[in-house]
Amino acid sequence: MELGLVGLGKMGGNMRERIRRAGHTVVGYDRNPDLADVHSLEELVGKLEGPRVVWVMVPAGRATQSTVDELAELLQPGDVVVDGGNSRWTDDEKHAEELAARGIGFVDCGVSGGVWGLENGYALMYGGDKENVAKVQPVFDALKPEGDFGSVHAGKVGAGHFAKMVHNGIEYAMMQAYAEGWELLEKVDSVTDVREVFRSWQEGTVIRSWLLDLAVNALHEDEHLDNLRGYAQDSGEGRWTVEAAIDHAVPLPAITASLFARFASRQEDSPQMKMIAALRNQFGGHAVEKK
């Protein structure tokens with residue numbers, strides 16, 4: 001089939017290559033002309049035969065909204081827009097309604113695979129009406145990993161991005177658990193080779209995972225992570241997961257704590273710990289450290 005792909009960055013560029021390797025035609029557009037096959041969305045749409053499918057891989061929020069708005073003016077009834085970025089699921093409902101008013105279908109798709117997706121395939125979680133999903137199915141089949149699993153029609157519009165959001169929330173908590181265990185192992189004198197302890201867990205243990213494999217890779221490159229600063233950004237999906245949990249009264253203590261740990265990583269000098277130190281000094285005369 002033919003596909004228009006908007007956004008050819010780290011994910012989009014590799015996705016274009018994997019889809020082409022499966023024998024499909026991809027017309028790609030990016031603001032960087034060195035990456036693009038065409039120089040405008042109008043030119044991209046003009047090169048596709050109807051019914052068209054245009055997959056959007058741009059940052060969530062304004063960039064996605066402006067791209068959807070422009071495509072709404074260019075596409076025809078029966079065409080389909082796929083949002084494969086990390087959009088909030090509530091935005092999907094809005095986009096689907098706006099496009100449906102023009103007879104244009106909408107599918108949201110959570111994509112996981114990162115820089116490894118080109119060779120290993122991408123895990124896909126998508127939401128939307130069956131007839132719209134069917135128009136995109138050959139591309140889903142090209143992108144997914146080999147085998148019976150790795151992709152799912154998760155439900156109605158918004159279900160794909162909601163599923164991917166929960167996936168990322170779980171990822172936050174798993175990474176935090178590995179990080180805490182690593183720090184404790186590094187702290188004690190009796191463990192003399194933390195990297196090899198992590199490596200030993202890769203076979204035969206209940207905590208083996210791809211994240212553990214990646215942790216071992218990182219420790220192989222920098223045994224004590226001396227070259228990194230202890231600062232971790234968050235993409236927004238961890239926050240959305242916690243917000244959704246509050247809305248539905250679902251307790252998520254591990255995921256919530258892992259999100260707050262990232263916030264703590266951005267503080268050079270914790271204001272909260274200043275108050276705790278002051279209180280300990282007040283009630284118990286405990287020593288405090290001065291700047």
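**A surface patch, a strand trio and some salt bridges**

Val115 sits out in the open: its relative accessible area is 58%, so this residue counts as exposed. The model here is a predicted one. As for where Val115 is found, the residue lies in the loop that runs between strand S5 (105-112) and helix H5 (117-120). Val115 also has company, since a nonpolar surface patch of about 350 Å² is made by Val115, Trp116 and Trp210.

Things look rather different at the start of the chain. Strand S1 (residues 2-6) is mostly covered, with four of its five residues buried. S1 pairs with strand S2 (residues 25-29) in the parallel sense, over five bridges, and Leu3 stands opposite Val26 in S2. Helix H1 (residues 10-21) belongs to this part of the story too: S1, H1 and S2 make a right-handed β-α-β unit. S1 has another partner in strand S3 (residues 53-56), again in the parallel sense, this time over three bridges. In that pairing, Gly4 stands opposite Val54 in S3.

Further along, the UniProt record (an unreviewed entry) lists residues 160-291 as "domain: 6-phosphogluconate dehydrogenase C-terminal". Strands are absent from this stretch, which is 64% helix and 0% strand, and its end C-alpha atoms are 49 Å apart.

Next come the charged side chains. Side chains of opposite charge can pair when their charged atoms come close. Across the whole structure, a search finds 14 salt bridges. One of them links Arg266 and Asp234, with N to O at 2.7 Å. Arg266 lies in the loop between helix H11 (253-265) and helix H12 (271-284), while Asp234 lies in the loop between helix H9 (210-221) and helix H10 (237-247), so the pair ties together parts that are 32 residues apart in sequence. The two partners differ in cover: Arg266 is partly exposed at 22% relative accessible area, whereas Asp234 is buried at 10%.

Salt bridges can also share partners, and those that do join Arg195, Glu196, Arg199 and Glu223 into one network. Within this network, Glu196 meets Arg195 in a salt bridge of 3.6 Å, N to O. Glu196 forms a salt bridge with Arg199 as well, and here the closest N and O atoms are 3.0 Å apart. Arg199 and Glu196 both lie in helix H8 (residues 194-200), three residues apart, which is about one turn of the helix. Both are partly exposed: Glu196 has 32% relative accessibility and Arg199 has 31%.

Definitions and conventions. Residues numbered from 1 in each chain as written. Predicted model: local features only at pLDDT ≥ 70, side-chain atom pairs only at ≥ 80, totals over all residues. Heavy atoms only, no water. Buried < 20%, exposed > 50% of the residue type's maximum accessible area, 1.4 Å probe, protein only. Helix = DSSP H or I, 4+ residues; strand = E, 2+ residues; numbered from the N terminus. Pairing = 2+ DSSP bridges. Right-handed = clockwise from strand over helix to strand, strands pointing away. Patch = residues over 30% accessible without salt bridge, like charges linked within 9 Å, V, L, I, M, F, W, Y side chains within 5 Å. Areas by Shrake-Rupley, 256 points an atom, 1.4 Å probe, with all protein chains shown as cover. Salt bridge = Lys/Arg side-chain N within 4 Å of Asp/Glu carboxyl O. UniProt positions renumbered as here; feature names shortened; annotations may be inferred.
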